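Me: I would like a close look at one loop residue in this model, and then at how its setting fits into the chain around it. Please take it step by step and keep the reasoning explicit.

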Amino acid sequence: MDDQQFYSYVSTRAGADPVKTVFLFVPNDQAGTLASVEAFARESGWLDQVERDADVLVAPLAPRGWEAERSDLPLALYRACRNDFKAPSGVSIPGRDGVVWTWEVMIQLVGYAQGATFAGNFQLAHPGFAAASVLVDGVPNDFSVADAPADRWLVPNATGYDLANRDVPVAMWLMGGAATEGTEAYLRDVSQLDGCRVTDDLGVTTTIRYNRRNPAQQLRLTPGVTGTDPRVAQLAMGELFETVVRWKNSPSGTLTPHISKRDFATDGTYRHHELSMGENSYHYAVYLPKGMDEKDVRGLPLVVSVHGRGEPTWIFCQKNGWEDLADQTREFVVMLPDSPFNLWVYDRDVQALLAVVRATVGEYGLDAGRVYLTGFSNGALFTNQIATSHPAAFAGASPWNSPGLRAARASGLGSFEYDPRFMSAGVELPFWICAGDSDNKAPVPVETDLISLIVANGCVGCAPRPLGTEHYAPERGFEQGERFRTRVFRNGQGRPRICLTIMRNMPHGAIPDQARAAWNFLGRFRRGADGALVEAPAAGEDAHGC
């Protein structure tokens, strides 16, 4: 990409939180120089919106017109430059040396006129790349790619993944004079847009066609704004880019609705708290099952969901499915803690996390004997560390995609993954462990990695048994159960204590089915007042469905 010129802008507000990457494709007659591209970005309002939202703007040049540019330019440019953007403040996730995290789940495309056609065609040919696209005064015109195989850019060597481009959901907003042209052709090539609603904001009317099963899959039509009208940027950033993500949990990712940062903080869906310890302040958000208040949840268990490196709770919330499962079952409360600079460090944060757990249990009157600790990535490593160093504080643990001991030591996150004292502590603690078979950030655990868990839970000498795929059948609430491969370690009495699940075609991500499986396994364990582990098998089935 050395020969590709582009204009870029990094918000002065960018810091330790991941940022959106907004790719801007300007009209041909203004795409020839850095000065003209910058002027367009300023006049259209995108510089203001990117600054306010703490994001990164990337606007490639096209001196010969977009028709002459390589068709995969956004993908190539992102791969080449994603780690080149420094935060003006110098603040970033520890270990990134001031570089902001332009995260794969929040890439956005914006195009005008010929740039809109270019961006739209790219979106249809590479539907798994961006979370959303906004096209002004131009529409895609190459629908021949609809039946081509999806490009699997997150898991290039995926097996048994046969989706075509038309099968990968996209979110696209057509604005301006060309907003209705080509719409019928587009709808023929994007399935399941079976819902429709109309909104009126900033003085313009928008028609939204969407998938009732996945409202993030949508086509918006707004003919009332055109050209460099700054309302385009305001509407796009506030109404679309803030509310969809493409989680990296399959070869093409999964387009998903998401609560905005503003609504997370203010709309009452989550209850927000702060706890200070030493020099640090720890925010934590509490989620009560929908329709339940503080009186209703008294006595319920608590699931503690610990974010990964770089994921503040306003992004991490809803990702792993715990909130939806709480709504469905009404069986537990979810608490999501935030770490300083979005990174969990054992020596710094262990006592704070335990204090946050105690505060949540006390304030909401929850069952202190049924606290379950779960985490993703850096949060999974932290889960392993805390659970094995303080096993009596929890009734079960569920780490997902832990980067392991080598990463812990290399990154200064702790000197161990599983506390060596756990083997002789005399305290059982069940684990439901998950990893992805295509995860380049977290190794798949093998039995030798789990020795301390096996010994502590009395599973020595008991060969693990595979769990039948029928356990993850649709009638049991699973949507992607065919991706699970689970082995169960039992103790000397034949009781399941450790589940190791490997997810097929899973990069460094997670799906809601994992929360359901983890809860099915862990939810019947209780920590007694004497510290003993108590379990209550469900009537009519083996304990924990294993």
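What relative accessibility does Asp-137 have, and how does it count on that basis?

Reply: The model is a predicted one, and what follows should be read with that in mind. Asp-137 has a relative accessibility of 27% and therefore counts as partly exposed, since that class covers the range between the buried limit, under 20%, and the exposed limit, over 50%. The residue sits in the loop that joins β5 (132–136) to β6 (171–175). Its backbone deserves attention as well, because most residues other than glycine have a negative phi. The phi of Asp-137, by contrast, is positive and near 60 degrees, although the residue is not glycine. Arg-152 also has a place in the loop between β5 and β6, and this residue, again not a glycine, has a positive phi of about 55 degrees.

To put that loop in context, consider the chain as a whole. It holds 14 helices and 23 strands, and its C-alpha atoms fill a box of roughly 75 × 50 × 45 Å along the principal axes. The radius of gyration is 24 Å, which agrees with the value near 24 Å that a compact globule of 546 residues would have. Of the 546 residues, 61% are buried, while the accessible surface comes to about 21,000 Å², with 49% of that area belonging to carbon and sulfur atoms. Among contacts with a separation of 6 or more, 70% are between residues 24 or more positions apart.

Two helices illustrate the buried part of the chain. In α3 (73–81), seven of the nine residues are buried, so the helix is largely enclosed by the rest of the structure; the buried residues are Leu-73, Pro-74, Leu-75, Ala-76, Leu-77, Tyr-78 and Cys-81. These buried residues pack against the strands β1 (6–10), β2 (19–25), β3 (56–60) and β4, and also against the helix α4 (114–125). Helix α14, residues 512–522, has nine of its eleven residues buried and is therefore also largely enclosed by the rest of the structure. Its buried residues include the charged Asp-513 and Arg-516 alongside Trp-519, Phe-521 and Leu-522.

Open space is a further part of the picture, and here the second largest pocket brings α3 back into view. This pocket holds about 760 Å³ of space and is lined by 31 residues, of which Trp-101, Lys-248, Asn-440, Lys-441 and His-508 lie nearest its centre. The elements giving two or more residues to the lining are α3 and β4 (102–112). By class, the lining divides into 13 nonpolar, nine polar and nine charged residues.

Other partly exposed residues can be set beside Asp-137. Pro-230, found in the loop between β9 (218–222) and α6 (231–241), has a relative accessible area of 41% and so is partly exposed. Leaving aside residues up to four places away in sequence, Pro-230 touches Ser-44 and Gly-45. Its C-alpha atom is separated by 53 Å from that of Ala-395, a residue 165 positions away along the chain.

Ala-395 appears again among the residues that Arg-526 touches, a set that also includes Asp-367, Gly-369, Arg-370, Ala-532, Leu-533 and Val-534 once residues up to four places away are left out. Arg-526 lies in strand β22 and, at 35% relative accessibility, counts as partly exposed. From Arg-526 to Ala-536, ten residues on in sequence, the C-alpha to C-alpha distance is 8.4 Å.

The contact with Ala-532 leads to the loop between β22 (525–527) and β23 (533–535), where Ala-532 has its place. At 34% relative accessibility, Ala-532 counts as partly exposed, and beyond residues up to four places away it touches Arg-526 and Arg-527. The C-alpha atoms of Ala-532 and Glu-428 are 7.7 Å apart, although 104 residues separate them along the chain.

To return to the starting point, Asp-137 is a partly exposed residue at 27% relative accessibility, placed in the loop between β5 and β6 and carrying a positive phi near 60 degrees.

Notes:
Residues numbered from 1 in each chain as written. Predicted model: local features only at pLDDT ≥ 70, side-chain atom pairs only at ≥ 80, totals over all residues. Heavy atoms only, no water. 1 Å grid on protein atoms, 1.4 Å probe; cavity = no way out; pocket = protein on both sides within 12 Å on 5 of 7 lines; lining within 4 Å. Points joined across faces, edges and corners; volume = space filled by probe spheres on them. Helix = DSSP H or I, 4+ residues; strand = E, 2+ residues; numbered from the N terminus. Buried < 20%, exposed > 50% of the residue type's maximum accessible area, 1.4 Å probe, protein only. Rg over C-alpha atoms; globule rule 2.2 N^0.38 Å. Contact = heavy atoms within 4.5 Å. Areas by Shrake-Rupley, 256 points an atom, 1.4 Å probe, with all protein chains shown as cover.
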